[in-house]
Amino acid sequence: MKKSEKPEELEKQQDKTSETEENVTGEQVSGEAGAETDQEMEEEEQAEEDKKEPTPEEKLAELQDRYLRLSAEFDNYRKRTLREKIDLQKSASEELLKALLPVADDFDRALQSVDEAKDIRAVKEGLRLIAGKFQTFLNQHGVKEIDARNNAFDTDLHEAISQIPAPDKKLKGKVVDVIQKGYFLNDKVLRHSKVVIGE
(Lines give C-alpha, C1' and ligand atoms only; values in the text may rest on other atoms or scores of the structure.)
Protein backbone atom coordinates (compact mmCIF):
# COMPACT_ATOMS: atom_id res chain seq x y z
CA MET A 1 0.00 0.00 0.00
CA LYS A 2 2.84 2.34 0.72
CA LYS A 3 4.08 1.87 -2.80
CA SER A 4 0.71 2.86 -4.21
CA GLU A 5 0.55 5.95 -1.93
CA LYS A 6 3.92 7.20 -3.10
CA PRO A 7 3.05 7.45 -6.73
CA GLU A 8 -0.07 9.40 -5.76
CA GLU A 9 1.95 11.76 -3.60
CA LEU A 10 4.47 12.14 -6.37
CA GLU A 11 1.73 12.98 -8.77
CA LYS A 12 0.33 15.60 -6.37
CA GLN A 13 3.77 17.16 -5.90
CA GLN A 14 4.33 17.20 -9.63
CA ASP A 15 0.96 18.88 -10.10
CA LYS A 16 1.88 21.50 -7.47
CA THR A 17 5.26 22.03 -9.08
CA SER A 18 3.76 22.47 -12.50
CA GLU A 19 1.16 24.89 -11.06
CA THR A 20 3.94 26.87 -9.40
CA GLU A 21 5.92 26.93 -12.62
CA GLU A 22 2.83 28.07 -14.50
CA ASN A 23 2.22 30.82 -11.93
CA VAL A 24 5.84 31.94 -12.12
CA THR A 25 5.76 31.81 -15.91
CA GLY A 26 2.42 33.69 -15.97
CA GLU A 27 3.84 36.40 -13.71
CA GLN A 28 6.93 36.66 -15.87
CA VAL A 29 4.80 36.88 -19.00
CA SER A 30 2.49 39.47 -17.46
CA GLY A 31 5.54 41.37 -16.23
CA GLU A 32 7.05 41.26 -19.68
CA ALA A 33 3.71 42.24 -21.25
CA GLY A 34 3.42 45.13 -18.80
CA ALA A 35 6.91 46.27 -19.76
CA GLU A 36 6.01 46.03 -23.41
CA THR A 37 2.76 47.98 -22.81
CA ASP A 38 4.67 50.71 -20.96
CA GLN A 39 7.16 50.91 -23.78
CA GLU A 40 4.37 51.11 -26.39
CA MET A 41 2.67 53.89 -24.42
CA GLU A 42 5.91 55.85 -24.24
CA GLU A 43 6.37 55.45 -28.00
CA GLU A 44 2.79 56.64 -28.62
CA GLU A 45 3.32 59.67 -26.36
CA GLN A 46 6.54 60.45 -28.21
CA ALA A 47 4.73 60.15 -31.55
CA GLU A 48 1.99 62.50 -30.29
CA GLU A 49 4.59 65.02 -29.16
CA ASP A 50 6.23 64.79 -32.57
CA LYS A 51 2.83 65.43 -34.17
CA LYS A 52 2.16 68.43 -31.95
CA GLU A 53 5.32 70.20 -33.01
CA PRO A 54 5.57 70.16 -36.82
CA THR A 55 8.79 71.23 -38.40
CA PRO A 56 9.00 74.62 -40.16
CA GLU A 57 8.97 72.83 -43.51
CA GLU A 58 5.73 71.04 -42.57
CA LYS A 59 4.20 74.33 -41.42
CA LEU A 60 5.19 75.98 -44.70
CA ALA A 61 3.78 73.10 -46.75
CA GLU A 62 0.51 73.25 -44.79
CA LEU A 63 0.22 77.02 -45.29
CA GLN A 64 0.97 76.70 -49.01
CA ASP A 65 -1.66 73.98 -49.34
CA ARG A 66 -4.22 76.13 -47.51
CA TYR A 67 -3.36 79.12 -49.71
CA LEU A 68 -3.78 77.07 -52.90
CA ARG A 69 -7.15 75.74 -51.72
CA LEU A 70 -8.42 79.22 -50.82
CA SER A 71 -7.18 80.59 -54.12
CA ALA A 72 -8.95 77.82 -56.04
CA GLU A 73 -12.17 78.36 -54.05
CA PHE A 74 -12.10 82.09 -54.75
CA ASP A 75 -11.44 81.50 -58.44
CA ASN A 76 -14.40 79.10 -58.61
CA TYR A 77 -16.60 81.65 -56.77
CA ARG A 78 -15.57 84.41 -59.19
CA LYS A 79 -16.32 82.25 -62.23
CA ARG A 80 -19.67 81.14 -60.81
CA THR A 81 -20.82 84.70 -60.04
CA LEU A 82 -19.71 85.88 -63.49
CA ARG A 83 -21.68 83.05 -65.10
CA GLU A 84 -24.72 83.90 -62.95
CA LYS A 85 -24.44 87.57 -63.91
CA ILE A 86 -24.32 86.72 -67.63
CA ASP A 87 -27.31 84.38 -67.25
CA LEU A 88 -29.23 87.10 -65.41
CA GLN A 89 -28.52 89.61 -68.18
CA LYS A 90 -29.63 87.13 -70.82
CA SER A 91 -32.84 86.30 -69.01
CA ALA A 92 -33.56 90.00 -68.31
CA SER A 93 -33.21 90.92 -71.99
CA GLU A 94 -35.31 87.88 -72.88
CA GLU A 95 -38.18 89.11 -70.69
CA LEU A 96 -37.89 92.61 -72.15
CA LEU A 97 -38.03 91.34 -75.71
CA LYS A 98 -40.98 89.07 -74.95
CA ALA A 99 -42.89 92.09 -73.65
CA LEU A 100 -41.97 94.04 -76.81
CA LEU A 101 -43.17 91.39 -79.26
CA PRO A 102 -46.89 92.37 -79.12
CA VAL A 103 -45.96 95.92 -80.22
CA ALA A 104 -43.93 94.49 -83.11
CA ASP A 105 -46.92 92.33 -84.07
CA ASP A 106 -49.15 95.43 -84.10
CA PHE A 107 -46.69 97.21 -86.40
CA ASP A 108 -46.68 94.23 -88.78
CA ARG A 109 -50.49 94.23 -88.94
CA ALA A 110 -50.54 98.00 -89.50
CA LEU A 111 -48.05 97.74 -92.37
CA GLN A 112 -50.10 95.00 -94.03
CA SER A 113 -53.28 97.05 -93.76
CA VAL A 114 -51.68 100.26 -95.15
CA ASP A 115 -51.54 98.87 -98.71
CA GLU A 116 -55.16 97.73 -98.58
CA ALA A 117 -56.62 100.62 -96.57
CA LYS A 118 -58.83 103.15 -98.27
CA ASP A 119 -59.57 105.17 -95.15
CA ILE A 120 -56.43 107.11 -94.15
CA ARG A 121 -58.01 108.18 -90.86
CA ALA A 122 -58.27 104.54 -89.74
CA VAL A 123 -54.57 104.01 -90.52
CA LYS A 124 -53.62 107.11 -88.52
CA GLU A 125 -55.75 105.98 -85.60
CA GLY A 126 -54.15 102.52 -85.70
CA LEU A 127 -50.66 104.05 -85.64
CA ARG A 128 -51.64 106.25 -82.69
CA LEU A 129 -52.86 103.20 -80.81
CA ILE A 130 -49.61 101.36 -81.49
CA ALA A 131 -47.57 104.40 -80.41
CA GLY A 132 -49.65 104.61 -77.21
CA LYS A 133 -49.10 100.91 -76.55
CA PHE A 134 -45.37 101.33 -77.08
CA GLN A 135 -45.26 104.35 -74.75
CA THR A 136 -47.08 102.31 -72.09
CA PHE A 137 -44.51 99.52 -72.54
CA LEU A 138 -41.66 102.00 -72.00
CA ASN A 139 -43.29 103.47 -68.90
CA GLN A 140 -43.82 100.01 -67.42
CA HIS A 141 -40.09 99.36 -67.76
CA GLY A 142 -39.06 102.64 -66.11
CA VAL A 143 -38.29 104.58 -69.30
CA LYS A 144 -39.55 108.19 -69.28
CA GLU A 145 -39.08 111.02 -71.74
CA ILE A 146 -36.90 114.00 -70.75
CA ASP A 147 -39.00 117.14 -70.98
CA ALA A 148 -36.68 119.56 -72.81
CA ARG A 149 -38.65 122.04 -74.96
CA ASN A 150 -38.75 125.60 -73.53
CA ASN A 151 -36.70 124.52 -70.48
CA ALA A 152 -33.28 125.90 -69.52
CA PHE A 153 -30.36 124.14 -71.21
CA ASP A 154 -28.86 121.55 -68.83
CA THR A 155 -25.66 119.77 -69.85
CA ASP A 156 -26.60 116.81 -67.63
CA LEU A 157 -29.75 116.22 -69.66
CA HIS A 158 -29.24 117.86 -73.06
CA GLU A 159 -26.74 117.75 -75.90
CA ALA A 160 -26.61 120.99 -77.93
CA ILE A 161 -26.64 120.41 -81.68
CA SER A 162 -26.83 124.05 -82.77
CA GLN A 163 -27.82 127.55 -81.70
CA ILE A 164 -30.29 129.83 -83.42
CA PRO A 165 -31.53 133.33 -82.67
CA ALA A 166 -34.25 133.05 -80.03
CA PRO A 167 -37.72 133.82 -81.41
CA ASP A 168 -38.58 135.39 -78.04
CA LYS A 169 -36.43 137.07 -75.37
CA LYS A 170 -37.76 134.59 -72.81
CA LEU A 171 -36.21 131.69 -74.80
CA LYS A 172 -32.61 132.97 -74.64
CA GLY A 173 -30.44 130.20 -73.18
CA LYS A 174 -33.34 127.77 -73.34
CA VAL A 175 -34.18 124.83 -75.57
CA VAL A 176 -36.00 126.04 -78.66
CA ASP A 177 -36.33 122.74 -80.51
CA VAL A 178 -35.74 119.03 -79.83
CA ILE A 179 -34.05 117.11 -82.65
CA GLN A 180 -33.99 113.76 -80.82
CA LYS A 181 -35.82 112.95 -77.58
CA GLY A 182 -33.88 111.98 -74.50
CA TYR A 183 -34.95 109.38 -71.95
CA PHE A 184 -34.54 108.51 -68.29
CA LEU A 185 -34.30 104.94 -67.08
CA ASN A 186 -35.37 104.96 -63.43
CA ASP A 187 -34.09 108.55 -62.91
CA LYS A 188 -30.79 107.85 -64.70
CA VAL A 189 -30.18 109.44 -68.09
CA LEU A 190 -30.50 106.70 -70.67
CA ARG A 191 -30.00 109.03 -73.63
CA HIS A 192 -29.42 112.80 -73.72
CA SER A 193 -31.85 114.97 -75.66
CA LYS A 194 -30.34 116.48 -78.82
CA VAL A 195 -31.57 120.05 -78.80
CA VAL A 196 -31.34 123.47 -80.47
CA ILE A 197 -30.64 126.37 -78.11
CA GLY A 198 -31.90 129.94 -78.48
CA GLU A 199 -29.35 132.75 -78.23
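Trainee: Helices (H or I, at least four residues) and strands (E, at least two) are DSSP runs, numbered from the N terminus; in which strand is His158 found?

Mentor: His158 is found in strand β2, which covers residues 158-164. Please keep in mind that this is a predicted model: local features need pLDDT of at least 70, side-chain atom pairs count only at pLDDT 80 or more, and totals for chains, interfaces and linings use all residues. Residues are numbered from 1 along each chain as its sequence is written, and side-chain values use heavy atoms, with hydrogens and water left out.

Trainee: Is His158 buried or exposed?

Mentor: His158 is buried, at a relative accessible area of 4%. Buried means under 20% relative accessible area, exposed over 50%, and partly exposed in between, with a 1.4 Å probe and protein chains only.

Trainee: And which residues does His158 touch?

Mentor: Leaving aside residues up to four places away in sequence, His158 touches Ile146, Asp147, Ala148, Ala152, Phe153, Val175, His192, Ser193 and Val195. Contact here means heavy atoms within 4.5 Å.

Trainee: What about Leu157, where is its place?

Mentor: Leu157 lies in the loop between β1 and β2. With residues up to four places away in sequence not counted, Leu157 touches Ile146, Phe184, Val189, His192 and Ser193. Its C-alpha atom is separated by 9.2 Å from that of Lys194, although the two are 37 residues apart along the chain.

Trainee: Stepping back, how many helices and strands does the protein chain have?

Mentor: The protein chain has three helices and six strands. From the N terminus on, these elements run α-α-α-β-β-β-β-β-β. The chain has 199 residues, of which 12% count as buried. Among contacts between residues at least 6 apart in sequence, 62% join residues at least 24 apart.

Trainee: Let us take the helices. Why does the span of helix α2 agree with its number of residues?

Mentor: Helix α2 (residues 56-116) has 61 residues, which at 1.5 Å a residue should span 90 Å, and its end C-alpha atoms are indeed 90 Å apart. The expected span is 1.5 Å times one less than the number of residues.

Trainee: Where does the kink in α2 lie?

Mentor: The kink lies at Leu101, shortly before the proline Pro102, and amounts to about 30 degrees. The bend at a residue is the angle between axes fitted to the seven residues ending there and the seven starting there.

Trainee: Which residues of α2 are buried, then?

Mentor: They are Val103, Asp106 and Ala110. These buried residues of α2 pack against α3, residues 120-140.

Trainee: And in α3, which residues are buried?

Mentor: Val123, Ile130, Phe137 and Leu138 are buried in α3. Seen down the axis of α3, the buried residues fall within an arc of 100 degrees (taken from the directions from the helix axis to the C-beta atoms), so they line one face of the helix. That set packs against α2 and β1. On the other side of α3, Arg121, Arg128, Leu129 and Gln140 are exposed.

Trainee: Changing topic to the sheets: what is the order of the strands in the open sheet with antiparallel pairing?

Mentor: The three strands of that open sheet are ordered β1-β4-β5. The edge strands, each pairing on one side only, are β1 (143-145) and β5 (188-191). Two strands pair if DSSP finds at least two bridges between them.

Trainee: How many bridges join β4 to β5?

Mentor: Three bridges join β4 (residues 183-185) to β5, and the two strands run antiparallel. Tyr183 has Arg191 in β5 as its bridge partner, while Phe184 stands opposite Val189. The hairpin of β4 and β5 has two residues between the strands, and Asn186 takes a positive phi near 55 degrees there.

Trainee: Then which strands form the sheet with mixed pairing?

Mentor: That open sheet has three strands in the order β2-β6-β3. Its edge strands are β2 and β3 (175-180), each pairing on one side only. Six bridges join β2 to β6 (residues 193-198), and this pair runs parallel. Within β2 and β6, Ile164 stands opposite Gly198.
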